[in-house]
Amino acid sequence: MKKTAKSLAVASLPLAMILATPAFAEDLTIGLASEPTSIDPHFHNLGPNNQLRMHIFEGLTQSDEAQRTVPSLATEWEVVDDNTWRFELREGVTFSDGTPFDATDVVYTICRVPTVENSPSSFVGFLSGISQIEIEDPHTMIFRTDAPVPLLPTNLANVGILSAENYGGENVVFNGGACDDLGTPPQATDFDDPSVAVGTGPYVLEDFARGDAITLAANESYWGGAPTWDTVVMRPIANEGARVAALLAGDVDVIETPPIQDFDRIRQEGNQIAQGLSNRVIYLHLDQNPEEGHVPPGVEGTDGENPFTDVRVREAISKAIDRQAITDRIMGGLSVPAGDLLPYPMFGAREDTPIEGYDPDRARELLAEAGYENGFSMVLSAPNDRYMNDELIAQAVAQMLARVGVRTSVDAMTRSTFFSRRNEYAFGMWLAGWGASTGEISSPLIALVATRDPDTGMGATNRQRYSNPEIDQVVMEATQTVDPQAREALLQQAAEMAMADYATIPIHFEVTPWAFREGLSLTPRADQYTLATEVEPQS
């Protein structure tokens, strides 16, 4: 089998690069909802960090606005056999300091990633399975893996390439589990210095004033053509009201996630709003610890039983939720009711996935069949500052559950407290969200549904302790299947099994909004990233 991306090479170029013209050159200021924690492209696998990284440091591949994997520093790649990939690298590329890009820089980068100290969320997982790297010539590389890694091209989109020469690693050699002649790799704080933060991307770091602004300048030697904007300033403005005020005052040109209640005001002031379906599913997890005598935290009135281990109770909870009402009345249309863990047509999502219908009568029947004809009481936990209208959604779900006899109160808290307590198994039922960074449904299946196994990384976010070995087997087979059609069929099978077993209860997919001044256009991205390369002057 051979997969080539050559035909995508031109199509992959961001629109800003194709249409770039000095006549449009001016400055762009973006109001960020969250500040990146570091300039280092390998320090923290976090959305704000990754979107900044894409301006400065490029991967061999990249994700387009629909999360399709397309060429970047690699122009094409092919499967030689299940454990071998050949990548052709782009020629004529230089780093922003003028040093040429070639295969040694890729080797150096792969060797450097595991050396990052105190990483809160490592990038090592994107490189797992690579056992050998061979350089056929400066622009042709062979990757060998211990086992099939079908997502290798997708994974490499997340790893920004560094200049080996810039860091003294021009003689680096990859030896599987170790690397020779790596030099002294830079650490995260070193990248605050623009002379260290050297990449091949369309912009270069000009200044990083933590808590105030990140200033980028156009990389005039960029291989994709001169960027649209001379200067891009990213200002962190965590408060959504303050972001709107900054836009209305003309202090910024673009803001992330404006609140729904301000849409009319934003438009009345002559600004625009763009929105797009995201990869983020908002879902419910339920403590399904099967140990005898275990009662989930916050659950009362079940005679010492865990009601959530009974699939009839999980189905009753799902049927008690009026998803369309949440979309219409809570989200103001900025969501799509979900029947799966990833929206169609993303990879592995099913076009014909049914959405659970609102059926409170059947929910009551199911509870009675499970022995809870008088219902029970529980606490629904949720963050109040992480997802769009998260606390309001939790309040609505609680009212809907009460109508079928499950008396529910809401415990909402800040994101830091929420995730800390969730990780300590302090909740019986909780509302959270998951964005598929790979654009594949394998991401939520592995993270949310697969049996938790710290050694393999499976079920890393499955704090509800759901376990279904039959689903695990299908997911594992999919992760080792290189053929994309066969892999997608397996993922669809696993997702169908998970939804039939109410392994996770999806509520909706977020629709992400951006607001921006008149005279601009913005292309929404499924990964919710805000990229200067996706903002254009309107013609």
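**Figure 1. Cys111 is one half of a disulfide in this predicted model.** Cys111 has a relative accessibility of 4%, so this residue counts as buried. The partner is Cys179, with an S to S distance of 2.0 Å. Cys179 reaches 26% relative accessibility and therefore counts as partly exposed. The structure holds 1 disulfide. The pair links distant parts of the chain, with Cys111 in helix H3 (residues 103–112) and Cys179 in strand E9 (residues 178–180). The two cysteines are 68 residues apart. The disulfide is left-handed, because the torsion about its S-S bond is about -80 degrees.

**Figure 2. Helix H3 is mostly covered.** Of its 10 residues, 9 are buried. Ala103, Asp105, Val106, Val107 and Tyr108 are among them. Thr109, Ile110, Cys111 and Arg112 are also on the buried list. The cover over these residues includes strands E5 and E6. It also includes strand E7 (140–145), strand E8 (173–175) and E9. Look next at the start of the helix. There, a side-chain oxygen of Asp102 comes to within 3.0 Å of the backbone nitrogen of Thr104.

**Figure 3. The largest cavity holds about 40 Å³ of space.** The structure has 2 cavities of 30 Å³ or more. Lining residues of the largest cavity include Leu60, Leu127, Leu156, Val159 and Ile161. Val106, Thr109 and Ile110 line this cavity too. H3 supplies the largest share of the lining, with 3 residues. Val106, Thr109 and Ile110 also appear among the buried residues of H3.

**Figure 4. Asp64 and Arg68 form a salt bridge.** The closest N and O atoms of the pair are 2.7 Å apart. Asp64 has a relative accessible area of 12%, so the acidic partner is buried. Arg68 has a relative accessible area of 48% and is therefore partly exposed. This bridge is one of 23 salt bridges in the structure.

**Figure 5. A salt bridge connects strands E6 and E5.** The side chains of Glu136 and Arg86 meet at 3.3 Å, N to O. Glu136 lies in strand E6 (residues 130–137), and Arg86 lies in strand E5 (residues 84–89). The pair therefore ties together parts that are 50 residues apart in sequence. Glu136 is partly exposed, with a relative accessible area of 47%. Arg86 also counts as partly exposed, at 22% relative accessibility. Both strands are included in what covers the buried residues of H3.

**Figure 6. Asp192 and Arg210 bridge two loops.** Their closest N and O atoms lie 3.8 Å apart. Asp192 sits in the loop between E9 and strand E10 (203–209). Arg210 sits in the loop between E10 and strand E11 (213–218). The salt bridge therefore ties together parts that are 18 residues apart in sequence. Asp192 is partly exposed, with a relative accessible area of 27%.

**Figure 7. Glu26, Asp253 and Arg517 share a salt-bridge network.** Two acidic residues, Glu26 and Asp253, are linked here with Arg517.

**Figure 8. Glu356 makes polar contacts with Ser318 and Tyr502.** Glu356 lies in the loop between strand E15 (335–337) and helix H9 (360–369). At 18% relative accessibility, Glu356 falls under the 20% cut-off and so counts as buried. The side-chain contact with Ser318 is 3.2 Å. The side-chain contact with Tyr502 is 2.7 Å. Beyond residues up to four places away in sequence, Glu356 touches Ser318, Lys319, Arg323 and Tyr502.

**Figure 9. Ser318 contacts Glu356 and Arg323.** Ser318 lies in helix H7 (residues 311–319). Its relative accessibility is 2%, so Ser318 counts as buried. A polar contact of 3.0 Å joins the side chains of Ser318 and Arg323. Another, of 3.2 Å, joins the Ser318 side chain to that of Glu356. Apart from neighbours within four places in sequence, Ser318 is in contact with Arg323, Glu356, Tyr502 and Ile505. Tyr502 and Arg323 are also touched by Glu356.

How values were computed: Residues numbered from 1 in each chain as written. Predicted model: local features only at pLDDT ≥ 70, side-chain atom pairs only at ≥ 80, totals over all residues. Heavy atoms only, no water. Disulfide = S-S within 2.5 Å. Helix = DSSP H or I, 4+ residues; strand = E, 2+ residues; numbered from the N terminus. Buried < 20%, exposed > 50% of the residue type's maximum accessible area, 1.4 Å probe, protein only. Salt bridge = Lys/Arg side-chain N within 4 Å of Asp/Glu carboxyl O. Polar contact = N/O pair within 3.5 Å; in protein donor to acceptor, adjacent residues only side chain to side chain. Contact = heavy atoms within 4.5 Å. 1 Å grid on protein atoms, 1.4 Å probe; cavity = no way out; pocket = protein on both sides within 12 Å on 5 of 7 lines; lining within 4 Å. Points joined across faces, edges and corners; volume = space filled by probe spheres on them.
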